[in-house]
Amino acid sequence: MIAPMNKAFVREPDEDVPDRLPELPLPPPPNPVTEAGLGQIKTALEAVERRLADATARPERAEAERLQREARYWAARLATARLTLPPVDADIAGFGSHLTIAWPGRGEVGLSIVGNDEADPKAGLIAWRAPVAAALVGHGTGERVVVQLAGREVELTILAVCNVPQPPEPA
């Protein structure tokens, strides 16, 4: 017969220690960024570090752990960020390009091809890995490109390309 184990040898979980949060997923390298994107990453990291300093002074550990995870994410994004300028060729779309395109059903649309962390499709900032950006890269003014969106082909016409680096957004 096996005797029950003494309670002194059984580790009970601490009530106030939350389960470890999974890390925030990092996009695979490379991590090209525009000047504005680099500034956004630095600002996000600084903001999280300020909130973390405040949170560690309070007894609530879950918030501090969440902020530590967020700080690790932004620190990794900053460590891998590579400032990438638009193409030298003034008429060819690439990373950092600002384009005006004719989009069927939408008319003229302004888009900028940017890094993953600064992408905001509603504001016309599309990630360089997005299907529309991938279709436009390497093409110039007057060219038509076909992109698969929601299971159908959409033909976009590049009306203008601007490859002048934009200044960083104010913090």
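At 11% relative accessibility, serine 112 counts as buried, the term denoting a relative accessible area under 20%, with exposed meaning over 50% and partly exposed lying in between (1.4 Å probe, protein chains only). The structure is a predicted model, in which local features need pLDDT of at least 70 and side-chain atom pairs count only at pLDDT 80 or more, while totals for chains, interfaces and linings use all residues. Residues are numbered from 1 along each chain as its sequence is written, and side-chain values use heavy atoms, with hydrogens and water left out.

Serine 112 lies in strand E4, where strands (E, at least two residues) and helices (H or I, at least four) are DSSP runs numbered from the N terminus. Residues up to four places away in sequence being excluded, serine 112 touches Ser97, His98, Gly124, Leu125 and Ile126, contact being defined as heavy atoms within 4.5 Å. Lysine 122, by contrast, is exposed, with a relative accessible area of 86%, and is placed in the loop between strand E4 (107–114) and strand E5 (125–127).

The largest nonpolar core, a set of buried Ala, Val, Leu, Ile, Met, Phe, Trp, Tyr and Cys residues joined through side-chain atoms within 4.5 Å, has 18 residues, of which Leu99, Ile101, Trp103, Leu111, Val132, Leu136 and Leu156 touch the most other members. At least two residues of this core are supplied by each of strand E3 (98–103), E4, helix H3 (131–136), strand E6 (144–149) and strand E7 (152–162). A second, separate core of 13 residues includes Val33, Leu45, Leu52 and Ala71.
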